[in-house]
Amino acid sequence: MTKPYLALSIVAPSGQRIAQGLKTLEVRSWRPDQFPLKDLVIVENQTYLNNEGDEELGVCCGAGGFHSIHTWQENEVDAACASYWADGYYAWAINNVRPLLQPLEVRAKRKLYTLELHE
């Protein structure tokens, strides 16, 4: 039996950094329509999925929530595990992260998407 989960693809190595609790902010150029996000599956993939319909193979590395969004600040580069700061982005604050002990290969897609996982 499968169950639908909301998922977010994140380019490596940031998915693992979130699962390990090292990355506490995810920086995006867009805001989700629904918020807060709870029990979101984190899928780590290898390349940026920039265009509508882009997909690739990824790995579920954990689950967690995003409890708030604010304008990304210059002093938050370390929390985002970023190499530089740029204006015009949003910082999604991550909480309640649970690493997945058995990584699972799944499709990585753009933005928020539904992922069917076996229970």
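R98 and D39 form a salt bridge, with their closest N and O atoms 2.8 Å apart; the term covers a side-chain nitrogen of Lys or Arg within 4 Å of a carboxyl oxygen of Asp or Glu. Because R98 belongs to strand β5 (residues 90–109) and D39 to strand β3 (residues 37–45), this pair ties together parts that are 59 residues apart in sequence. Helices (H or I, at least four residues) and strands (E, at least two) are DSSP runs, numbered from the N terminus. R98 is partly exposed at a relative accessible area of 32%, and D39 is also partly exposed, at 45%. On this scale buried means under 20% relative accessible area, exposed over 50%, and partly exposed in between, with a 1.4 Å probe and protein chains only.

The model is predicted, so local features need pLDDT of at least 70 and side-chain atom pairs count only at pLDDT 80 or more, whereas totals for chains, interfaces and linings use all residues. Residues are numbered from 1 along each chain as its sequence is written, and side-chain values use heavy atoms, with hydrogens and water left out.

**Salt bridges**

Side chains of opposite charge can pair when their charged atoms come close. The structure holds 6 salt bridges, among them the three tabulated here.

| Pair | N to O distance |
|---|---|
| R98 and D39 | 2.8 Å |
| E52 and R110 | 3.3 Å |
| E55 and R107 | 3.3 Å |

E52 pairs with R110 at 3.3 Å between the closest N and O atoms. E52 sits in the loop between β3 and β4 (55–71) and R110 in the loop between β5 and β6 (112–118), so the salt bridge ties together parts 58 residues apart in sequence. E52 counts as exposed, at 73% relative accessibility, while R110 is partly exposed at 23%.

The side chains of E55 and R107 also meet in a salt bridge. This pair links distant parts of the chain, with E55 in strand β4 and R107 in strand β5, 52 residues apart. E55 is partly exposed, at 39% relative accessibility, and R107 is partly exposed, at 37%. Elsewhere, K23, E26 and R28 are joined into one network by salt bridges that share partners.

**Residue S14**

S14 is part of helix α1 (residues 14–19). With a relative accessible area of 14%, S14 is buried. Beyond its neighbours within four places in sequence, S14 is in contact (heavy atoms within 4.5 Å) with K23 and E44. K23 is also a member of the salt-bridge network with E26 and R28.
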